[in-house]
Each structure stands twice: as C-alpha cells, then as structure tokens.
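Before reading on, it may help to have the sequence and the fold side by side. The paragraphs below walk through both, moving from the overall layout to single residues.

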Amino acid sequence: MGRRALPGIDRSIPIDQHYRELAELTPPLDVEKFFGRSGSLEIEIGSGKGLFLLNASGANPDRLFLGLEVSNKYSRFAAYRLAQNNRDNARMIHGDAIRFMHEFVPDQCAQAVHVYFPDPWWKERHRRRRVIQSHSVADIQRVLIPGGQFHFWTDVEEYFETVCQMMGEFPAFSGPLVVAQSPADHDMDYRTHFERRMRINDHPVFRTRFELTGCI
C-alpha cells in the first residue's frame with residue numbers, strides 16, 4: 001500500500017524553526033538548546049506526515065517531541081504542519097534516524113522512543129535494512145531514562161513477533177506490555193495516517209511497548 005500524494009502547503013508559512021537537516025547538526029545534540037526550552041524528550045523514528053507529532057505535541061505542551069524522517073518531502077511536510085499549528089515543542093529532522101540515534105543523541109535523555117509502522121522490507125535478504133535491529137535497540141536502550149518506554153506498532157505480524165523476540169536480548173526492558181492486537185477505542189483512534197488506512201480496510205494492528213526497568 002503506497003503513500004498518497006501530499007496535500008498542498010502554504011509556502012508563506014516558514015518552517016525554519018521546525019525543520020533541520022541532519023547534515024547541519026553537530027553531535028552531541030544539546031536538547032535544551034535545540035528546542036530553546038526544557039522538557040521531557042520523546043523521539044519518533046519515521047514520522048511520515050507527522051500526524052503523531054502534531055497530535056502528541058498539542059496534547060502534551062510540557063513535553064518536547066523530535067521527529068526523524070528519511071524522506072525529504074515528508075519531513076518538510078511534517079515540519080510545515082507543526083509550524084502551521086504553532087507547535088513550539090516539536091521539531092523535525094530530515095536524515096538517517098539510525099545514524100542520528102547512534103551518533104547524536106546523548107545517554108539517558110529521552111522519556112520515550114516511538115516507532116510506528118516502519119517499512120517491513122519483506123524479502124529475507126533485505127531485512128537487514130529494517131529500522132529495528134539489535135544495534136538500534138541498543139541505542140534506544142541507551143538514550144532512554146530509567147522508566148522510559150519504547151513503543152512499537154506494525155501491521156506485519158512477523159515483524160511484530162521478530163521484535164518481541166529480539167527484545168528478549170535486552171533484559172533491562174520489561175514487556176511486551178500491551179496486547180498484540182489491541183482494539184481501537186473508537187473509529188478515530190489512530191496515531192498515524194498509515195494506521196488509519198489499516199483500520200479503514202479492517203487490517204490488524206499489532207501494538208506493543210517496553211519499559212526500561214532494569215540496569216543496563
């Protein structure tokens with residue numbers, strides 16, 4: 001199921017405050033300086049059109065939300081939506097999220113890491129390209145504060161089972177903490193555009209989260 005064309009945007013709305021290129025940044029990331037304010041940080045890997053960032057930043061104005069997206073047009077569109085809605089607590093970065101997590105994000109700085117509907121890379125020989133690998137989970141564990149949470153949702157049962165099995169390699173995490181096929185509370189209960197499309201077409205969504213409860 002491919003991505004649909006993006007809606008038009010109002011180019012008179014500047015996105016400079018909400019959009020950065022990874023190539024412009026120097027590690028390590030100074031979170032407070034980057035946002036111009038303090039707050040608990042949540043990171044989304046693969047933000048797409050930015051629906052989760054838009055809604056989460058609006059519902060939690062005291063928290064900071066950082067989105068990472070490899071697609072330039074989608075990262076810019078997500079930043080535009082944040083600018084359009086005056087979300088001063090949310091930012092988009094265009095670039096390789098795995099590299100950013102490994103090289104730029106300091107230890108124990110994030111309250112949550114979110115990964116929603118990543119590319120499943122169906123062929124066996126391509127699965128090394130998946131976002132969730134042992135090395136990326138190691139970085140997620142490193143950047144989370146004690147009690148921090150890793151949220152993972154997918155519509156691919158095999159990917160879900162693989163991630164749950166992989167998380168067994170990291171005993172500092174407890175979980176999975178959510179039933180695999182959590183039902184929606186209502187028709188509009190979705191966090192991303194992709195999830196909405198899955199629900200409209202009556203496809204299952206596999207949701208889980210893990211909590212960092214042990215010592216690394």
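What follows begins with the chain as a whole, then takes up the sheet, the helices, the cores and some residues with notable backbone geometry.

The coordinates come from a predicted model, and in it the protein chain has seven helices and eight strands. Of the 216 residues in the protein chain, 49% are buried. Among contacts with a separation of 6 or more, 80% are between residues 24 or more positions apart.

The strands form an open sheet of eight, whose order is β1-β4-β3-β2-β5-β6-β8-β7 and whose pairing is mixed. At its edges stand β1, residues 19-21, and β7, each of which pairs on one side only. A convenient place to enter this sheet is β2, residues 41-45, which is mostly covered, with five of its five residues buried. From β2, the side chains of L41, I43 and I45 point one way and those of E42 and E44 point the other way, yet all of them are buried. The chain then leaves β2, passes through helix α2, residues 51-59, and arrives at β3 in a β-α-β crossover that is right-handed. Strands β2 and β3, the latter spanning residues 64-69, pair in the parallel sense over five bridges, and within this pairing L66 of β3 is the bridge partner of I43. Strand β2 also runs parallel to β5, to which it is joined by five bridges, with L41 standing opposite A110 of β5. Continuing from β3 to β4, residues 90-94, one again finds a parallel pairing over five bridges, in which L68 stands opposite I93 of β4.

Helices lie against this sheet. Helix α3, residues 72-84, lies across β1, β3 and β4 and runs at about 165 degrees to β4. Helix α5 also packs on the sheet, where it touches β5, β6, β7 and β8, and its direction makes about 140 degrees with that of β6. Which residues of α5, a helix of residues 134-143, are buried? They are S136, V137, D139, I140, Q141 and V143. In general, an α-helix has 3.6 residues a turn, so residues three or four places apart point the same way. The buried residues of α5 pack not only against the strands β5, β6, β7 and β8 but also against the helices α4, residues 97-103, and α6, residues 157-166.

The interior can also be described through its nonpolar cores. The largest has 42 residues, and those with the most contacts inside it are F100, I132, F150 and F173. Helix α6 supplies the largest share of this core, five residues. Leaving aside neighbours within four places in sequence, F150 is in contact with residues including V113, V115, I132, I140, L144 and F173. Another core, of 19 residues, lies apart from the largest one, and among its members are Y19, Y80, A83 and F117.

Strand β6 also holds H151, which counts as buried because its relative accessibility is 11%, under the 20% cut-off for that class. The side chains of H151 and Q149 are joined by a polar contact of 3.3 Å. H151 and Y116 are 35 residues apart in sequence and 7.7 Å apart in space, taken from C-alpha to C-alpha.

Some features of the backbone remain. Most residues other than glycine have a negative phi, and most peptide bonds are trans. Against that background, F117, already met as a member of the 19-residue core, has a phi near 55 degrees, a positive value in a residue other than glycine. F117 is found in the loop between β5 and α5, and it counts as buried because its relative accessibility is 12%. N86 likewise has a positive phi, near 55 degrees, and is not a glycine; this residue is found in the loop between α3 and β4. Is N86 buried or exposed? N86 is exposed, because its relative accessible area is 64%, over the 50% that marks this class.

Two cis peptide bonds can be located as well. One runs from P27 to P28, with omega near -5 degrees, and P28 lies in the loop between β1 and α1, residues 31-35. Another runs from G175 to P176, with omega near 5 degrees, and P176 has its place in the loop between β7 and α7, residues 193-200.

Conventions:
Residues numbered from 1 in each chain as written. Predicted model: local features only at pLDDT ≥ 70, side-chain atom pairs only at ≥ 80, totals over all residues. Heavy atoms only, no water. Buried < 20%, exposed > 50% of the residue type's maximum accessible area, 1.4 Å probe, protein only. Helix = DSSP H or I, 4+ residues; strand = E, 2+ residues; numbered from the N terminus. Contact = heavy atoms within 4.5 Å. Pairing = 2+ DSSP bridges. Right-handed = clockwise from strand over helix to strand, strands pointing away. Polar contact = N/O pair within 3.5 Å; in protein donor to acceptor, adjacent residues only side chain to side chain. Core = buried A, V, L, I, M, F, W, Y, C linked by side-chain atoms within 4.5 Å. Axes fitted to C-alpha atoms, helices over the stretch in contact; angles between N-to-C directions.
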